[in-house]
Amino acid sequence: MRQKDQSEHPALACTGIPGLDNVLCGGLTTDRLYLVEGVPGSGKTTLALQFLIEGARLGESVLYVTLSETEGELRSVAASHGWDLKGINIHELAPPEEGLLSDEQYTMFHPSEVELTETTQVILADVERLNPTRVVFDSLSEMRLLAGTPLRYRRQILALKRYFAGKKCTVIMLDDLTAIDRDLQVQSIAHGVILLEQLNPEYGSERRRLRVVKYRGMAFRGGFHDYKIRYGGILVYPRLVAAEHRREQTGRKLASDIAQLDRLLGGGIEQGSSTLIAGPPGTGKSSLAARLVAAAASRGEKSALFIFDESVHMLLSRSASLGSDLRPAIADGLVTVRPIDPAELSPGEFSDIIRRSVEEGGASIVVIDSLNGYLNAMPDERFLTIQLHEMLSYLGQVGVATIIIGAHHGLIGTQMSAPVDATYLADAVILLRYFEARGEVHQAISIVKKRGSEHERTIREFRLEKGGIRIGEPLREFRGVLTGVPTYEGKTDSLIKDETK
């Protein structure tokens with residue numbers, strides 16, 4: 001966010017768009033001219049209508065001047081969102097059908113010389129009659145064509161800017177970017193510029209984001225912010241900035257209620273820390289995370305699970321069979337489980353969901369299952385590490401323990417790899433591995449990294465059994481367990497005995 005040093009705080013006009021006022025640090029400075037740019041379909045008309053609806057709600061006089069759409073089309077857009085345009089004055093300046101007749105064609109003057117003057121006079125007459133405090137022009141493409149030349153177009157915009165400033169009116173002009181050459185004329189004139197973008201990934205629904213290109217004399221949140229157009233209008237997800245959320249930390253340890261695991265972890269995972277549980281598929285990563293969540297619920301602490309890779313039913317059934325039944329905690333409101341569809345979710349929306357689960361839901365533990373699914377939710381892989389770092393920093397600063405599941409490609413041996421290296425971001429890394437012994441496939445667990453406290457450095461057998469998770473004694477008689485093919489060097493091994501045999 002850009003910093004400012006203001007002795008006076010100007011009056012701000014709320015946009016009525018959830019999240020956008022947060023990006024603008026309060027709203028739009030009143031009595032100024034703003035430009036909203038975006039390709040067709042990016043939501044410019046929706047944004048403009050919400051801006052005017054908010055003004056009408058506050059009892060202001062508002063005016064929508066449309067040069068490209070009909071009033072019927074605008075009312076149809078409003079109806080699709082369940083809006084009532086009562087209190088909004090709509091002035092339609094689309095050319096009448098009679099303009100298509102040959103008798104109506106100008107012969108002595110270029111059309112722009114007549115039509116721009118007539119259009120401006122009609123607009124100003126409405127402004128004098130209604131005395132609005134908010135005005136929307138839709139769109140500048142029509143005014144650009146009416147002006148004929150860039151010089152006349154710029155002078156017309158400057159004249160409108162000065163006129164509306166004298167009328168104490170906040171103006172938004174919409175531009176659909178249909179001009180062949182990018183027009184920076186209005187950008188230089190406008191007090192603020194908001195750019196709307198629509199992205200079309202190869203798979204999944206379209207994604208939208210906005211950026212405040214310019215906002216004179218005011219602080220705002222820079223960078224791109226995801227937004228969504230849903231029933232009810234635009235919803236903006238401000239970019240998460242971890243530095244804005246600092247709290248005092250106690251460093252309290254959150255135990256798993258499994259003595260051997262807590263011994264490995266040096267007492268448990270710390271409040272405000274991030275833990276990566278890594279390993280190949282099927283080693284018990286999600287089951288281990290569910291155990292930590294169930295232990296927190298037994299202490300009356302809230303947790304939020306975000307699952308990308310399996311269904312909620314499968315997660316709950318498997319956890320219950322392993323002695324970590326989360327269903328009673330869900331019924332009591334201590335645990336929330338939310339499936340995430342990466343094809344339909346933007347990174348900004350996902351960050352917003354996590355933030356709300358903490359700030360509004362009171363979650364003290366957040367589980368992201370898995371990092372692979374989170375990677376698929378990103379529009380571009382090279383931004384994953386930055387976004388993940390910001391999210392982990394935020395969760396750590398608000399005192400939340402984060403558990404991330406990371407599945408490795410491959411099952412056994414030294415050729416396993418991770419889709420992205422997140423080990424340096426996490427405060428603790430729990431490593432799960434398969435290994436072969438006595439003609440059977442076993443699992444091993446070890447803590448390879450833990451910041452801030454001591455932990456046990458042994459490698460222990462990890463076993464999922466009906467009724468719970470068992471962790472054996474240190475595998476001191478084996479060498480090379482983490483490679484998947486260990487060498488037995490002892491006389492009596494320390495593997496967990498199968499009590500069913």
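This is a short dialogue on reading the cavities and helix α9 of a predicted model.

Q: Where do I start? How many helices and strands are in the protein chain?
A: Begin with the overall make-up. The protein chain has 14 helices and 24 strands.

Q: What share of the residues counts as buried?
A: Buried means under 20% relative accessible area. Here 51% of the 501 residues pass that test.

Q: What does the accessible surface come to, and what part belongs to carbon and sulfur atoms?
A: The protein chain exposes about 23600 Å² of accessible surface. Carbon and sulfur atoms account for 51% of that area.

Q: How do I read contacts along the sequence?
A: Take contacts between residues at least 6 apart in sequence. In this protein chain, 69% of them join residues at least 24 apart.

Q: Now the interior. How many cavities of 30 Å³ or more are there?
A: A cavity is a set of points where a 1.4 Å probe fits but cannot get out. The count here is 2 cavities of 30 Å³ or more.

Q: Which residues line the largest cavity?
A: The largest cavity holds about 40 Å³ of space. Its lining includes Thr 15, Ile 17, Leu 20 and Leu 28. Val 36, Leu 47 and Phe 51 also line the largest cavity, as do Ile 172 and Ile 194.

Q: What is that lining by class?
A: Sort the residues into nonpolar, polar and charged. The largest cavity has 8 nonpolar residues, 1 polar and no charged ones in its lining.

Q: What lines the second largest cavity?
A: This cavity has about 30 Å³ of space. Ser 286, Ala 289, Ala 290, Leu 305, Ile 307, Leu 315, Val 367 and Asp 369 form its lining. Two or more residues each come from α9 (285-298), β15 (303-307) and β17 (365-369). By class, the lining of the second largest cavity splits into 6 nonpolar, 1 polar and 1 charged.

Q: Which element gives the most to the lining of the second largest cavity?
A: That is α9, with 3 residues. As general background, an α-helix has 3.6 residues a turn, so residues three or four places apart point the same way.

Q: How far does α9 reach from its first C-alpha to its last?
A: Compare the span with the rise of 1.5 Å a residue. The 14 residues of α9 reach 20 Å, close to the 20 Å expected.

Q: Is α9 mostly covered or exposed?
A: Mostly covered. Of the 14 residues in α9, 13 are buried.

Q: What phi does Gly 300 take, just after α9?
A: Check the sign of the angle. Gly 300 has a positive phi of about 85°.

Terms used: Residues numbered from 1 in each chain as written. Predicted model: local features only at pLDDT ≥ 70, side-chain atom pairs only at ≥ 80, totals over all residues. Heavy atoms only, no water. 1 Å grid on protein atoms, 1.4 Å probe; cavity = no way out; pocket = protein on both sides within 12 Å on 5 of 7 lines; lining within 4 Å. Points joined across faces, edges and corners; volume = space filled by probe spheres on them. Nonpolar A, V, L, I, M, F, W, Y, C, P; charged D, E, K, R; others polar. Helix = DSSP H or I, 4+ residues; strand = E, 2+ residues; numbered from the N terminus. Buried < 20%, exposed > 50% of the residue type's maximum accessible area, 1.4 Å probe, protein only. Contact = heavy atoms within 4.5 Å. Areas by Shrake-Rupley, 256 points an atom, 1.4 Å probe, with all protein chains shown as cover. Expected span 1.5 Å × (residues − 1).
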